[in-house]
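Me: I'd like to learn how to read a structure like this one, feature by feature. Could you walk me through it?

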Amino acid sequence: MTSSSEPSHLRRSARHIIAGGSAGFVEVCCMQPIDVVKTRFQIQGVTSDPSRYTSILDCITRMIRNEGFFSLYKGILPPVVADTPKRAAKFLVFESSKSACASVNFTGPWSLVTAGLASGTVEGAIIAPFERVKVYIQVQRQRMSEMPNTWLVAREIIKRDGWGTRGLTKGFHATVLRNAMFNAVYFGSYYNMKYLLIPPEKQDSIPLRLCLGFTAGALSSLGNLPVDVAKSRIQASQSPKYTRTFPTILTVWREEGWCNYVVGV
């Protein structure tokens with residue numbers, strides 16, 4: 001009995017690792033320009049800043065004109081390196097957490113939220129140093145030919161600020177909180193909508209699953225946006241007022257208003 005179940009569990013785990021890793025690589029390659037633009041908007045200060053971007057099109061146009069087309073792919077190496085293992089771990093931890101919840105008779109909607117929370121916590125801990133380097137590169141406004149490579153940037157951060165939360169893992173808590181919140185809302189809403197709203201015979205429908213994924217992703221992004229803005233501010237800025245997650249959220253809201261959370265959505 002044990003020998004037959006172990007290979008099945010291993011095969012299932014391998015499928016999750018391969019599927020999660022492959023999806024992560026494709027997503028990074030497709031979404032990197034949007035992520036760069038999002039980060040640029042999230043770190044913008046007051047409206048009197050003359051270098052402030054006024055729209056998404058304005059940001060893209062000025063980046064291409066001033067920094068070159070490939071500036072839209074600034075900071076792509078850290079997520080490419082990190083995304084495959086972190087997504088593999090994310091799906092593996094989610095499935096393992098679901099099984100652990102079921103083993104103690106903790107089922108229903110909140111078990112999926114709990115499994116999502118666990119997977120996001122692990123995911124955020126894995127990618128935190130990579131996010132630090134990525135954001136640092138994304139906010140630089142030099143042309144690509146003038147930028148140091150990713151490894152030199154990482155070495156410079158470590159040399160100047162160390163490995164800790166002032167250096168390579170700066171923004172660690174915000175990154176973990178952001179990913180934990182995202183995955184809790186995403187997996188919780190996706191699977192609960194699937195099981196509660198869609199008849200069993202239609203749950204394998206690709207269009208319906210795409211709609212569920214889009215809806216769950218939108219809810220998750222909106223829910224964790226203030227934390228994501230705080231993460232970008234902490235990781236990109238040397239200002240002492242951007243050092244901790246919740247004080248940074250309050251500072252941005254107090255000084256710039258809640259609309260500044262919407263521009264980075």
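## Reading a buried arginine and its surroundings

Reply: Gladly. Let's start with one contact: a polar atom of the Arg40 side chain lies 3.0 Å from the backbone oxygen of Gln140. Keep in mind that this is a predicted model.

Me: What makes that pair a polar contact?

Reply: The general idea is a pair of N or O atoms within 3.5 Å, one able to donate a hydrogen and the other to accept it. Here, the distance between the Arg40 side chain and the Gln140 backbone oxygen is 3.0 Å. The side chain of Arg40 also has a polar contact of 2.8 Å with the side chain of Tyr53.

Me: Where does Arg40 lie, and is Arg40 buried or exposed?

Reply: Arg40 lies in helix α1, which covers residues 2–42. To judge burial, look at the relative accessible area: buried means under 20%, exposed over 50%. Arg40 has 0%, so Arg40 is buried.

Me: Which residues is Arg40 in contact with, apart from its neighbours in sequence?

Reply: Setting aside residues within four places in sequence, Arg40 is in contact with Tyr53, Cys59, Met63, Glu67, Lys74, Gln138, Val139, Gln140 and Arg141. Two of these names, Tyr53 and Gln140, you have already met as polar partners.

Me: Can we try the burial reading on other residues?

Reply: Let's take helix α5, residues 150–161, where Thr150 is found. Thr150 has a relative accessible area of 16% and is therefore buried. Beyond four places in sequence, Thr150 touches Leu77, Pro78, Val133 and Ile137. Ala154 lies in helix α5 as well, and at 15% relative accessibility Ala154 counts as buried. The C-alpha atoms of Ala154 and Gln138 are 13 Å apart, with their positions 16 residues apart along the chain.

Me: And what does an exposed residue look like?

Reply: Leu57 is a good case: Leu57 sits in helix α2, residues 56–67, and its relative accessibility of 62% makes it exposed. You can also compare position in sequence with position in space: Leu57 and Val37 are 20 residues apart along the chain, and their C-alpha atoms are separated by 9.6 Å.

Me: What should I look for in a loop?

Reply: Backbone angles are a good place to look. Asn105, in the loop between α3 (77–103) and α4 (109–138), has a phi near 60 degrees, a positive value in a residue other than glycine. With a relative accessible area of 69%, Asn105 is exposed.

Me: How many helices and strands does the protein chain have?

Reply: The count is 9 helices and 0 strands, and along the sequence the pattern reads α-α-α-α-α-α-α-α-α.

Me: How do I read the overall dimensions?

Reply: Set the radius of gyration beside the value for a compact globule. With 265 residues, such a globule would have a radius near 18 Å, and the protein chain has 20 Å, so the two agree. The C-alpha atoms fill a box of roughly 65 × 35 × 35 Å along the principal axes.

Me: What about burial, contacts and surface for the chain as a whole?

Reply: Of the 265 residues, 43% count as buried. Among contacts between residues at least 6 apart in sequence, 69% join residues at least 24 apart. The accessible surface comes to about 14,300 Å², and 67% of this belongs to carbon and sulfur atoms.

Me: How far apart are the mean positions of the positive and negative charges?

Reply: For the 31 positive and 18 negative charges of the protein chain, the mean positions are 2 Å apart.

Methods. Residues numbered from 1 in each chain as written. Predicted model: local features only at pLDDT ≥ 70, side-chain atom pairs only at ≥ 80, totals over all residues. Heavy atoms only, no water. Helix = DSSP H or I, 4+ residues; strand = E, 2+ residues; numbered from the N terminus. Rg over C-alpha atoms; globule rule 2.2 N^0.38 Å. Buried < 20%, exposed > 50% of the residue type's maximum accessible area, 1.4 Å probe, protein only. Contact = heavy atoms within 4.5 Å. Areas by Shrake-Rupley, 256 points an atom, 1.4 Å probe, with all protein chains shown as cover. Lys, Arg positive; Asp, Glu negative; His and termini not counted. Charge placed at Lys NZ, Arg CZ, Asp CG, Glu CD.
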